[in-house]
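This report introduces the fold and the core of a protein model to a reader who meets it here for the first time.

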Amino acid sequence: MPAFRAATLYPCGRRAGALHVLASARARMTAHLGLGPTRELKDLWTTLLRDGPV
C-alpha cells in the first residue's frame, strides 16, 4: 500500500510527500516487524530520488 500511495503522489508533483510515505513505511516496518524495506520499496525510493518515471 505505501508503494501505491507514493507512486500516486509523485506524478502529481508531490515528491516530498511520496518520499515521506516511503520513509514512514520503512520506520514502521523496522519498529514493528524488525524488517527492512522490500526490494519494491527500495527501488521506488531510488526512482523518486533520481526523478525517474514511476
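A nonpolar core is a set of buried Ala, Val, Leu, Ile, Met, Phe, Trp, Tyr and Cys residues joined through side-chain atoms within 4.5 Å; buried means under 20% relative accessible area with a 1.4 Å probe, protein chains only. The model is predicted, with local features needing pLDDT of at least 70 and side-chain atom pairs pLDDT 80 or more, while totals for chains, interfaces and linings use all residues. Residues are numbered from 1 along each chain as its sequence is written, and side-chain values use heavy atoms, with hydrogens and water left out.

The protein chain holds three helices and zero strands, in the order α-α-α from the N terminus. Helices are DSSP runs of H or I with at least four residues, and strands are E runs of at least two.

The largest nonpolar core has 12 residues, among them Ala-3, Tyr-10, Val-21, Met-29 and Leu-41. The elements that give two or more residues to this core are listed below.

| Helix | Residues |
|---|---|
| H1 | 2-9 |
| H2 | 15-33 |
| H3 | 39-49 |

H2 gives the most to this core, with five residues. Within the core, Ala-18 touches Ala-6, Leu-9, Tyr-10 and Leu-48, not counting residues up to four places away in sequence; contact means heavy atoms within 4.5 Å.

Of the 54 residues in the protein chain, 28% count as buried. The C-alpha trace spans about 30 × 15 × 15 Å along its principal axes. Residues 24 or more positions apart account for 45% of the contacts with a separation of 6 or more.

Technical notes. Buried < 20%, exposed > 50% of the residue type's maximum accessible area, 1.4 Å probe, protein only.
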